[in-house]
Number of protein chains: 2
Amino acid sequence: MTQRKGFLSLGAFLYPSGHHIAAWRHPEAKADAGIDFRHYIELAQAAEAAKFDLIFLADGVGTRGDNVDFLSRTAHSYQAQFEPITLLSALAAVTQRIGLVATASTSFNEPYHIARKFASLDHISGGRAGWNLVTSSSAHEARNFNREEHFAHADRYERASEFADVVAGLWNSWEDDAFERDKAGGRFYDPDKRHVLHHRGKHFSVQGPLNVSRPPQGHPVVVQAGSSEAGRELAARTAEAVFTAQQTLEDAVAFYADIKGRLARYGRDADDLKILPGVFPVVGRSESEAKEKFEQLQSLIDPVVGLALVSGLTGGFDLSGHPLDGPIPPLPETNASKSRQQLMIDLARRENLTIRQLYQRVAGARGHWQLVGTPGQIADQLEERFVHHGADGYNIMAPTLPGGLTDFIALVLPELRRRGLFRSEYEGRTLREHLGLKRPAHPAPAARKAIAGAREATPLSVPAAG
Amino acid sequence: MTQRKGFLSLGAFLYPSGHHIAAWRHPEAKADAGIDFRHYIELAQAAEAAKFDLIFLADGVGTRGDNVDFLSRTAHSYQAQFEPITLLSALAAVTQRIGLVATASTSFNEPYHIARKFASLDHISGGRAGWNLVTSSSAHEARNFNREEHFAHADRYERASEFADVVAGLWNSWEDDAFERDKAGGRFYDPDKRHVLHHRGKHFSVQGPLNVSRPPQGHPVVVQAGSSEAGRELAARTAEAVFTAQQTLEDAVAFYADIKGRLARYGRDADDLKILPGVFPVVGRSESEAKEKFEQLQSLIDPVVGLALVSGLTGGFDLSGHPLDGPIPPLPETNASKSRQQLMIDLARRENLTIRQLYQRVAGARGHWQLVGTPGQIADQLEERFVHHGADGYNIMAPTLPGGLTDFIALVLPELRRRGLFRSEYEGRTLREHLGLKRPAHPAPAARKAIAGAREATPLSVPAAG
């Protein structure tokens, strides 16, 4: 296969009992994993021992599954679990090197709180924090925050864009060396190195400064997941990693080229943003073992839950009146996540799936890339997409946890290492260093230097008077 | 001295380098304590080894000291530090028994986020979370949240009151045994044990349910600090511990009687709320050693910082035009924290203090109760207030950290234990158990039982037909 320099990046996307929708029903599953802190410690420490770049936590500000109110929800296991920022902060104390990425929505939060919590987590963890910026697209979340409906797609992204700018501005409230802490002189900080934001925009007025000193990473790493036009543009301008969901090599390469192609417009290099598709791997020592594992999980899916899932992924549209073994009906455009809706529809058309086949097809990875096979087969696929510039790495969505993650570590990682595709030791200390991302410099020192340079230069360029 | 049953409760109120305003300038201080996670681990573990009930973290949603813009702030050390919820979550992972209380404002937060984060922390810590409910009273905080001015006192408390109800309602979203996790039957939860809040009030519309199962403590412990009329009434209705600041035994006993006297109105017992004044102890092996320690800290106060502090505590009123060695001028009423303002004015009048004397008097404990003496003298004072029902325990505000806390542990705790006033071992596992607070029962099972009882009773009480 073609060569490509450097290692691929790996995230361990943690989800209570695993990513397969029926994972909690697996005989080995801890069904109460969502509130079992010991379980998450084991997962985080296993991922760190295996030298993953990061662990990743999704989020929603409501009980998941409630966007499909017309269906029974009692078989959903995502109703109640830890909140990601508290959980990652706790995991920071029992890990040393692995990155810690939590999702937080811009739709029902305030930028001051988000800037502050991720800056604090970055300090607690010694530079390992990342924020997965999302927008919220379901009415059941809006109803927990004084609204009847979620924001329309365009408004959501406009708000998210301003939100990202305010957060970045707040992270620059203090220069890296603003705090002198001069005991004898009684000066705690240098007032010239304190920057008050004074932001006044359409959605937010935020004065600042942030009450946390500049994060060890400069800025915690900003991750995004949107694949719509607005989402892509926001990612190109502000994100440093994109978590995405293309199903085929062709789509992945096109998406990769599209996003990377947008960066120059914002004065950014291709290496300033990493593309990390989600991968749902079912690994077996033989192909048949992998298939059996997968079939066992598939057999545990309650049809009602499968249908609810497809309805949710296609925009909350009620499919319950349509025959399970018939085709997906034409769907009206909604305000919900456009990119996921389109991915579902494309998948159903490409593979000519019935409603039942579609839910069976997506139940595990919830629309992400599903690989069922031997370590070699899975490594082939991961390598192919990496070397063809369809991905810079992957966010691993283990079907069951811890089993699916420990299988991946025990079986697939040695194969990736044998091929020179993944590290055996951490080279750096921060999440940024793991991902190969530059540390953002504070803009003020360079600006000061330029002004001072101009002052010094002036006398030389002005002819002597008289 | 009079006897009183049971132990007193002790909180370790952690503050970066210590509570004395010049603590960071002390030769032994870690001036960067506010972002030194190792420092906080040592403090939390020391407090736990000493069997404190809890550690306590204050908070503000802006840089502290910015409410006195007309004065130099560069000697303030409270500009930048960890955010409390992330910090406590991280500390939860490296402690086993001690309670974890973080402050969070109701003025610039949403109840869904607060209910969720404290419920999550309660699960992570195995039932050790507490929320110190405050309102925000400074314009510089408001300006970080889309406002020019903070809310007026009455509005703040009205909002806080509704906020507390929504949070309590969300913590009851799920009954304790709502999650069946029946793998074979495919039922994750019992829908009859899921309670949707459907709150619609003046300040908040929150549908629920919360996406965290019921906290191990039922509800995390709710702490409050307001001493105004509105603050006292809110505490009597909703709080389980009150952190307060009376200077004299007489005031403490009056405050204690007042608050406890309000409880019956809400169907609560006197034991359902604990009163924990702040205490700023400077301990020496001899009286002169204690005084020397204190004078060393006092000598480190920058007069500008002292003046800023007094201005801040008296409502943000600019005192800089008045002579430092003259009396406190009459102050106009402000929208700021009324109780603290009144405490300052009363103190200045009672002791006939000049502006300079007032700042020297309050700089250490920022208006809290200051005790400088030997272990015996300090224990006498703590015992006296406890046995006279002026306090159920204390929140210890060590002048320097870790030194002031380790001194208190090494010198005062043995004296308290000798007198039978403080535990030598934890009796319980949760913060509620440490404080002697009942676990709130979910209201639904009792209601169901009553209905079932009524149904069963009905046939017996109806005469046989025919």
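**Exercise 1. Is B:H113 buried or exposed?**

Solution. The model is a predicted one. Start with the position: B:H113 belongs to helix α3 of chain B. Next, take the relative accessible area, which is 7% for B:H113. Buried means under 20%, so B:H113 is buried. Finally, look at the contacts. Leaving out residues up to four places away in sequence, B:H113 touches A:V61, A:F108, A:N109 and A:F145.

**Exercise 2. Describe the overall build of chain A.**

Solution. Begin with the secondary structure: chain A has 15 helices and 13 strands. Then compare its radius of gyration, 24 Å, with the 23 Å that the globule rule gives for 466 residues; the two are close, so chain A is as compact as a globular protein of that length. The C-alpha trace spans about 95 × 55 × 45 Å along the principal axes of chain A.

Now turn to the inside and the surface. Of the 466 residues in chain A, 63% count as buried. Among contacts with a separation of 6 or more, 78% come from residues 24 or more positions apart. The exposed area of chain A is about 17000 Å², and carbon and sulfur atoms supply 51% of it. Last, count the charges: chain A carries 53 positive and 55 negative side chains, and the centres of the two sets are 4 Å apart.

**Exercise 3. Determine how helix α2 of chain A is covered, and by which elements.**

Solution. Helix α2 of chain A covers residues 84-92, and nine of its nine residues are buried. The buried residues include A:P84, A:L87, A:L88 and A:L91. For the cover, list the packing partners of these buried residues. From chain A come α1 (37-49), β2 (54-57), β3 (99-105) and α3 (111-124). From chain B come α2 (84-92) and α3 (111-125). Then inspect the start of the helix: a side-chain oxygen of A:E83 comes to within 3.1 Å of the backbone nitrogen of A:I85.

**Exercise 4. Which side chain makes a polar contact with the side chain of A:S105?**

Solution. First place the residue: A:S105 is in strand β3 of chain A. Its relative accessibility is 6%, so A:S105 counts as buried. Next, list the contacts beyond four places in sequence: A:V134, A:T135 and A:S136. Of the polar contacts, one joins the side chain of A:S105 to the side chain of A:S136 at 2.6 Å. The side chain of A:S105 also reaches the backbone nitrogen of A:S107, at 2.9 Å.

**Exercise 5. Trace the surroundings of A:N132.**

Solution. A:N132 sits in strand β4 (residues 129-134) of chain A. With a relative accessible area of 3%, A:N132 is buried. Outside four places in sequence, the contacts of A:N132 include A:F56, A:V101, A:T103, A:V223 and A:A225. Take A:F56 as the example of a pair distant in sequence: A:N132 and A:F56 are 76 residues apart along the chain, while their C-alpha atoms are separated by 8.6 Å.

**Exercise 6. Which residues does B:G284 touch, not counting residues up to four places away in sequence?**

Solution. B:G284 is placed in the loop between β11 (274-283) and α8 (287-298) of chain B. The relative accessible area of B:G284 is 0%, so B:G284 is buried. It touches B:E289, B:A290, B:G373, B:T374 and B:P375. A further check uses B:V412: B:G284 and B:V412 are 128 residues apart in sequence and 9.8 Å apart in space, C-alpha to C-alpha.

**Exercise 7. Find backbone geometry that departs from the usual.**

Solution. Begin with the background: most residues other than glycine have a negative phi, and most peptide bonds are trans.

- Peptide bonds: A:G208 and A:P209 are joined by a cis bond with omega about 0°. A:P209 is in the loop between β8 (205-206) and β9 (221-224) of chain A.
- The bond from A:L401 to A:P402 is also cis, with omega near 5°. A:P402 is in the loop between β13 (393-396) and α13 (403-418) of chain A.
- Phi in chain A: A:K51, not a glycine, has a positive phi of about 70°. A:K51 lies in the loop between α1 and β2 of chain A, and at 15% relative accessibility it counts as buried.
- Phi in chain B: B:K51 has a positive phi near 70°. B:K51 lies in the loop between α1 (37-49) and β2 (54-57) of chain B, and at 16% relative accessibility it counts as buried.

Conventions
Residues are numbered from 1 along each chain as its sequence is written. Chains are lettered from A and ligands numbered from 1 in the order in which they are written. This is a predicted model: local features need pLDDT of at least 70, side-chain atom pairs count only at pLDDT 80 or more; totals for chains, interfaces and linings use all residues. Side-chain values use heavy atoms; hydrogens and water are left out. Helices (H or I, at least four residues) and strands (E, at least two) are DSSP runs, numbered from the N terminus. The radius of gyration is taken over C-alpha atoms; the globule rule is 2.2 Å times the number of residues to the power 0.38. Buried means under 20% relative accessible area, exposed over 50%, partly exposed in between (1.4 Å probe, protein chains only). Contact means heavy atoms within 4.5 Å. Accessible areas come from the Shrake-Rupley method with a 1.4 Å probe; for residues, only the protein chains shown count as cover. Lys and Arg count as positive and Asp and Glu as negative; His and the chain ends are not counted. The place of a charge is taken as NZ of Lys, CZ of Arg, CG of Asp or CD of Glu. A polar contact is a pair of N or O atoms within 3.5 Å; within protein, one must be able to donate a hydrogen and the other to accept it, and residues adjacent in sequence count only if both atoms are side-chain atoms.
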